[in-house]
Amino acid sequence: MKTALRSHTWFYHVLAILTVMIWGTTFVSTKILINSGLSPVEILFYRFALAYICLLLVSHKRFIARSWKDEGLLMLSGLCGGSLYFIAENTALGITLASNVSLLICTAPIFTLFLSRLFYKERLRRKVLYGSLIALIGVSMVVLNGSLVLKINPLGDFLTLIAAIFWALYCLILKQLGGRYSTLFVTRKVFFYGLVSLLAYLCFFPTDFALPLLHKPVVYLNLLFLGIVASMLCYMVWNAAVQVLGASRTANYIYINPLVTLLTSALFLSETLTPVSLLGTACIIGGVYMAER
């Protein structure tokens, strides 16, 4: 079956690109929800709860992995790719500039490369490394969007790098699971452990849930998009792509995220495009193409 899948790797490249494009639009959706009165933790809770409930409706035959080792890996995937990643990123957004977060989170593919080398002894191919660096330069151009203002905030920037490492570890954990379970099962477990750990976080850092806001169409429609499309469906597709393409190759598409955010922000939030950001776009596309060849 794996041989058949790998003969159609182009399909998984397309799926990974579409996934990252959708994730790039979540910034706008999240910003709309925050402006509507929801806190980042509320948004994260609703995203995870919606995704888990929908997955449970279609995947409920198996609840425990075949071994406790695999169950532990699934728990780690829920922490690294779920709660810890988003808590670190959202906390960083409250401390440092959004441009810093957008730029530094794109170091995840670099961390994935070096962690793959450390844990799996994967060879660092020059074109992958050079392509990643070119794409990262392009990301910095897109994020700054013609402005050379990048204020350093040690704590916020450090938390963003921690979030990037969590995502890299998440991709490597998926690779270690090695397709032994269905994508539906793995994705459901990710959101289960993400939700459980988030509830534990709320016990120490409680937040008020503004339930009346859920009646507003702008709120529940954006939450449905974030929970069902950006979380449930996109995580399923991403998990499948990592199993077929590998952690490092799939992670390279994260560089496209700021590009999509820039375009959607220009379209829906009236933010301006500059020649520098367009040059950065070319660098991102060129770098990702080089890394994936």
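1. Helix α3 (residues 40-58) and helix α9 (residues 183-204) pack with their axes 9 Å apart, at an angle of about 145°. Axes here are lines fitted to C-alpha atoms, for helices over the stretch in contact, with angles running from 0 to 180 degrees between N-to-C directions. The α3 and α9 crossing is left-handed, meaning that the near helix is turned anticlockwise from the far one by less than a right angle (clockwise for right-handed).

2. The model is predicted: local features need pLDDT of at least 70, side-chain atom pairs count only at pLDDT 80 or more, and totals for chains, interfaces and linings use all residues. Numbering runs from 1 along each chain as its sequence is written, and side-chain values use heavy atoms, with hydrogens and water left out.

3. The axes of α4 (residues 68-93) and α9 come within 7 Å and cross at roughly 60°. The two helices are therefore oblique to each other (neither under 35 degrees, nor over 145, nor 65 to 115). This crossing of α4 and α9 is right-handed. Contributors to the contact (heavy atoms within 4.5 Å) include Glu71, Leu74 and Ile87 of α4 and Phe185, Lys189 and Tyr201 of α9.

4. The largest nonpolar core (buried Ala, Val, Leu, Ile, Met, Phe, Trp, Tyr and Cys joined through side-chain atoms within 4.5 Å) has 71 residues, of which Trp23, Trp167, Tyr170, Tyr235 and Trp238 touch the most other members. Buried means under 20% relative accessible area (1.4 Å probe, protein chains only). Helix α10 (residues 217-245) supplies the largest share of this core, 13 residues.

5. Leaving aside residues up to four places away in sequence, Trp238 touches Trp23, Trp167 and Tyr170, among others.

Methods:
Helices (H or I, at least four residues) and strands (E, at least two) are DSSP runs, numbered from the N terminus. Buried means under 20% relative accessible area, exposed over 50%, partly exposed in between (1.4 Å probe, protein chains only).
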